[in-house]
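This report reads through one protein chain, beginning with a single residue and widening to the fold and its core. Please keep the structure in view while reading.

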Amino acid sequence: MTSPLCLLTSEVLSQLAGALRSGRLAPPFTTLRLRRYVPESMAGRVAEELQRKAGESHDVRHLADLLEILCQDRKQRPHRR
């Protein structure tokens, strides 16, 4: 199953990473909190994914790193036509 994080735009991933690093976004991750950063239709799935990762002892900074890596990967890939 594809992670909902992979379905987000690079801009949204970057905003999430910044919010995590600054402390504006922190566990527990809820749909209500995530709606500020991601499209409402994705907020619940993203909240579940981040909460699951946080529950696996992933530090919030590591979650931010993960999101930034996804952004970097997208920038390095050739654009589809």
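Is Leu34 buried or exposed? In this predicted model, Leu34 is buried, because its relative accessible area is 0%, a value that falls under the 20% cut-off for burial. Leu34 is found in helix H2, which covers residues 31–34. When neighbours within four places in sequence are left aside, Leu34 is in contact with Leu16, Leu25, Phe29, Ala43, Val46, Ala47 and Leu50. Cys6, by contrast, is 28 residues from Leu34 in sequence, and the C-alpha atoms of the two are 16 Å apart in space.

**The chain as a whole**

The protein chain has 4 helices and 0 strands, and from the N terminus on its elements run α-α-α-α. Its radius of gyration is 12 Å, close to the 12 Å that the globule rule gives for 81 residues, so the chain is as compact as a globular protein of that length. Along the principal axes, the C-alpha trace of the protein chain spans about 40 × 25 × 25 Å.

Of the 81 residues in the protein chain, 32% are buried. The accessible surface of the protein chain comes to about 5,600 Å², and carbon and sulfur atoms hold 49% of that area. Among the contacts in the protein chain with a separation of 6 or more, 59% are accounted for by residues 24 or more positions apart. The protein chain carries 14 positive and 9 negative charges, and the mean positions of these two sets are 4 Å apart.

**The nonpolar core**

In soluble globular proteins, nonpolar side chains tend to be buried together. The largest nonpolar core of this model has 23 residues, and the members that touch the most other members are Leu8, Leu16, Leu25, Leu34, Val38 and Val46. Helix H1 (10–22), helix H3 (40–55) and H4 each supply at least two residues of this core, and H1 gives the most, with 6 residues.

Leu8, one of the members named above, lies in the segment before H1. With 4% relative accessibility, Leu8 counts as buried. Leaving aside neighbours within four places in sequence, Leu8 is in contact with Leu13, Leu16, Val38, Pro39, Met42, Val46 and Arg74. For one of these partners, Met42, the C-alpha separation from Leu8 is 8.4 Å, although the two residues are 34 positions apart along the chain.

Val46 touches Pro4, Leu5, Leu8, Leu16, Leu34 and Val38, not counting residues up to four places away in sequence. Both Leu8 and Leu34 have Leu16 and Val46 among their contacts.

**Polar and other residues in the helices**

Where in the fold does Glu49 lie, and which residues does it contact? Glu49 is found in helix H3, and, leaving aside its neighbours within four places in sequence, Glu49 is in contact with Ser3, Pro4 and Leu5. Two of these partners, Pro4 and Leu5, are also touched by Val46. Glu49 has a relative accessible area of 9% and is therefore buried, whereas Asp65, in helix H4, is partly exposed because its relative accessible area is 31%.

Cys71 is likewise found in helix H4, which comprises residues 60–76. Cys71 counts as buried because its relative accessibility is 7%. Not counting residues up to four places away in sequence, Cys71 touches Ser10, Leu13 and Ser14.

The table below sets out C-alpha separations for two pairs that include a residue of H4.

| Pair | Separation in sequence | C-alpha to C-alpha distance |
|---|---|---|
| Cys71 and Val12 | 59 residues | 9.4 Å |
| Asp65 and Ser14 | 51 residues | 10.0 Å |

**A cis peptide bond between H1 and H2**

Which form does the peptide bond from Pro27 to Pro28 take? That bond is cis, with omega near 0 degrees, and Pro28 lies in the loop between H1 and helix H2.

Terms used
Residues numbered from 1 in each chain as written. Predicted model: local features only at pLDDT ≥ 70, side-chain atom pairs only at ≥ 80, totals over all residues. Heavy atoms only, no water. Rg over C-alpha atoms; globule rule 2.2 N^0.38 Å. Buried < 20%, exposed > 50% of the residue type's maximum accessible area, 1.4 Å probe, protein only. Contact = heavy atoms within 4.5 Å. Areas by Shrake-Rupley, 256 points an atom, 1.4 Å probe, with all protein chains shown as cover. Lys, Arg positive; Asp, Glu negative; His and termini not counted. Charge placed at Lys NZ, Arg CZ, Asp CG, Glu CD. Core = buried A, V, L, I, M, F, W, Y, C linked by side-chain atoms within 4.5 Å.
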